[in-house]
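Work through the exercises below with the coordinates open, and attempt each task before reading its solution.

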Number of protein chains: 2
Amino acid sequence: MAAGATHRPVQTRCADCPIRYRAVCSHCEAKDFEELERIKTYRTYAPGETIAWAGEHMPLVGSVVDGVAMLSSTLPDGRRQMVGLLLPSDFVGRPGRAGLSFDVVAATEITLCMFNKSEFERMVGRSPHIEHRLLEMTLDELDAAREWMLLLGRKTAREKIASLFVIMARRDAELHRHVPRDGLSFPLHITREAMADYLGLTIETVSRQISALRRQGLIELGDNRMVHVPDFAKLIDQSGDDADGGVLV
Amino acid sequence: MAAGATHRPVQTRCADCPIRYRAVCSHCEAKDFEELERIKTYRTYAPGETIAWAGEHMPLVGSVVDGVAMLSSTLPDGRRQMVGLLLPSDFVGRPGRAGLSFDVVAATEITLCMFNKSEFERMVGRSPHIEHRLLEMTLDELDAAREWMLLLGRKTAREKIASLFVIMARRDAELHRHVPRDGLSFPLHITREAMADYLGLTIETVSRQISALRRQGLIELGDNRMVHVPDFAKLIDQSGDDADGGVLV
DNA sequence: ATATGCGTTTGATCTCGATCAAGGAAGACC
DNA sequence: GGTCTTCCTTGATCGAGATCAAACGCATAT
């Protein structure tokens, strides 16, 4: 049923963390839900803390409850590239795989809701629709990774920054289900260094481009790392992508 | 069983195309095999021909029998980035998804072995192990895409070219199951333009870097687009990645 | 043989983003 | 208060790769 439909799970913030399961499958059956409920554990990491190293055996899977983590990969000489950004509701871990291919690092203070991988896999074995949902989520990640390849390979510094802001604005809108009227705001959790690592730039270039966007009135930086975008369509214009009339989602 | 093991299907070149199915699952049951055998069709495309456009509905899935295709994505102003390279035995198409996210273009003359997507999906519904295998393949692609993000974001032109040659040498060795003794050779099917699109460079830079590698004796260009690598470890040294003792696979 | 076309190579120059360097803002701690 | 530290900003300079331009090699066609 509903095969082919992309149903990114709706984020429902909740102290009791139903997210963790909803992130896996929004069409779940009650018994699966209860089973997962039983085996869940929470853990919080400090900013900068490494959650898991590439190659390491990771015996847990789970999802982000709150905060931001990054998947990154490092060359022997220290050059680093972030290959994925994990925001609240994102799935963490590699079902059916022994080790990780990339480092997982907390970008901010972050809370994960984790559960034992082998128990989770046993459940996947019993419920084919979970595997189906995992395949869909992986295809989404693959699409996102490929979009990012376009950014890394062909976009200018200015376009890269604008694209990042567009993506973060969209993720935030999705998370809070708000439809902004004139202008929109979102929190910029991550540091300049994390942005640089993500965009394939240096922190100086990131800083200069943000200053430039600010000088031109395309963005405003407020308190508590909030970014305000007076005209979203104008920001999209700067991102190099098709405008699509400046639609948020 | 054998969950967690990565079993990239072994390529068995064959006029009757068992590849197509082996590419999906090397642990298949005979009845699935026969069903797929019944519904397969072949098609050949000319170099440069577009197999499918991004956003288009693609009612077929299949695999590459012979030749090279590329997945690519284009900015409104024409800048292009290749986001995937499809070599023999690679899977083509998006099971469970309506449309494509990227253009599929033949880089060389290419033969695909295709079958009807909805029939394939019906089969997937009946055999959970096929879906399991699809998830594994998608995770492999995701890893490859993320490796490529590191290349696009952080490697120099020289390192990009060397990395590409290393990858193509490995893919070729895997395909022919040969263990090269001193030096190895592989065919360079794709044009300078395709390389540039893949690496996020211009054709001039690609050409210059290849000339430089040749001048330094790291590669030799022979007839029929063959590339000979006298010392594979030295080439890996230039790729920026960890050496791993110059191991081929 | 000459022409046409495409992919490739090479040279000259320019430019965007990296690098090097200094200073500023905001918080934590004594 | 002062002094860390960490993150951010801005300036000056440099250089890798882009851009512009010309020519070459090697097909196939005329």
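The exercises that follow concern a predicted model, and they take up two DNA strands and one helix in turn.

**Exercise 1.** Determine which residues come nearest to DNA strand D, and which polar contacts they and their neighbours make with it.

Solution. Begin with the 15 residues around DNA strand D, of which A:Arg192, A:Ser211, B:Ala157, B:Thr205 and B:Arg208 come nearest. Next, look at the phosphate oxygens: one is 2.4 Å from an N or O atom in the side chain of B:Thr205, and one is 2.7 Å from a polar atom of B:Ala157 that belongs to the backbone. Then turn to the bases, where a nitrogen of DNA strand D is 3.2 Å from an N or O atom in the side chain of B:Glu204. Finally, consider the strand's own atoms within 4 Å of the protein, of which 64% belong to sugar or phosphate and the rest to bases.

**Exercise 2.** Describe the surface near DNA strand D by element and by residue class.

Solution. Helix H7 (203–215) of chain A and helix H7 (203–215) of chain B each supply at least two residues of this surface, and the largest share, 4 residues, comes from H7(A). Sorted by class, the surface has 2 nonpolar, 7 polar and 6 charged residues.

**Exercise 3.** Carry out the corresponding analysis for DNA strand C.

Solution. Among the 15 residues around DNA strand C, those that come nearest are A:Ala157, A:Thr205, B:Arg192, B:Arg208 and B:Ser211. Of the atoms of DNA strand C that come within 4 Å of the protein, sugar and phosphate account for 66%. On the phosphate side, a polar side-chain atom of B:Arg192 lies 2.6 Å from a phosphate oxygen, and an N or O atom in the side chain of B:Ser211 is 2.6 Å from a phosphate oxygen. On the base side, the side chain of B:Arg208 has an N or O atom 2.8 Å from a base nitrogen. For the surface near DNA strand C, the largest share, 4 residues, comes from H7(B), and the residues divide into 2 nonpolar, 7 polar and 6 charged.

**Exercise 4.** Is helix H5 of chain B largely enclosed or largely open, and why?

Solution. Take the dimensions to start with: H5 of chain B (residues 157–176) has 20 residues and reaches 29 Å from its first C-alpha to its last, close to the 28 Å expected at 1.5 Å a residue. Then count burial: 16 of the 20 residues of H5(B) are buried, so the helix is largely enclosed by the rest of the structure. Lastly, inspect what comes after the helix, where B:Arg177 follows with a positive phi near 50°.

Methods: Residues are numbered from 1 along each chain as its sequence is written. Chains are lettered from A and ligands numbered from 1 in the order in which they are written. This is a predicted model: local features need pLDDT of at least 70, side-chain atom pairs count only at pLDDT 80 or more; totals for chains, interfaces and linings use all residues. Side-chain values use heavy atoms; hydrogens and water are left out. A residue is near a molecule or strand if one of its heavy atoms lies within 4 Å of it. A polar contact is a pair of N or O atoms within 3.5 Å; within protein, one must be able to donate a hydrogen and the other to accept it, and residues adjacent in sequence count only if both atoms are side-chain atoms. Ala, Val, Leu, Ile, Met, Phe, Trp, Tyr, Cys and Pro count as nonpolar, Asp, Glu, Lys and Arg as charged, and the others, Gly among them, as polar. The expected span of a helix is 1.5 Å times one less than its number of residues. Buried means under 20% relative accessible area, exposed over 50%, partly exposed in between (1.4 Å probe, protein chains only).
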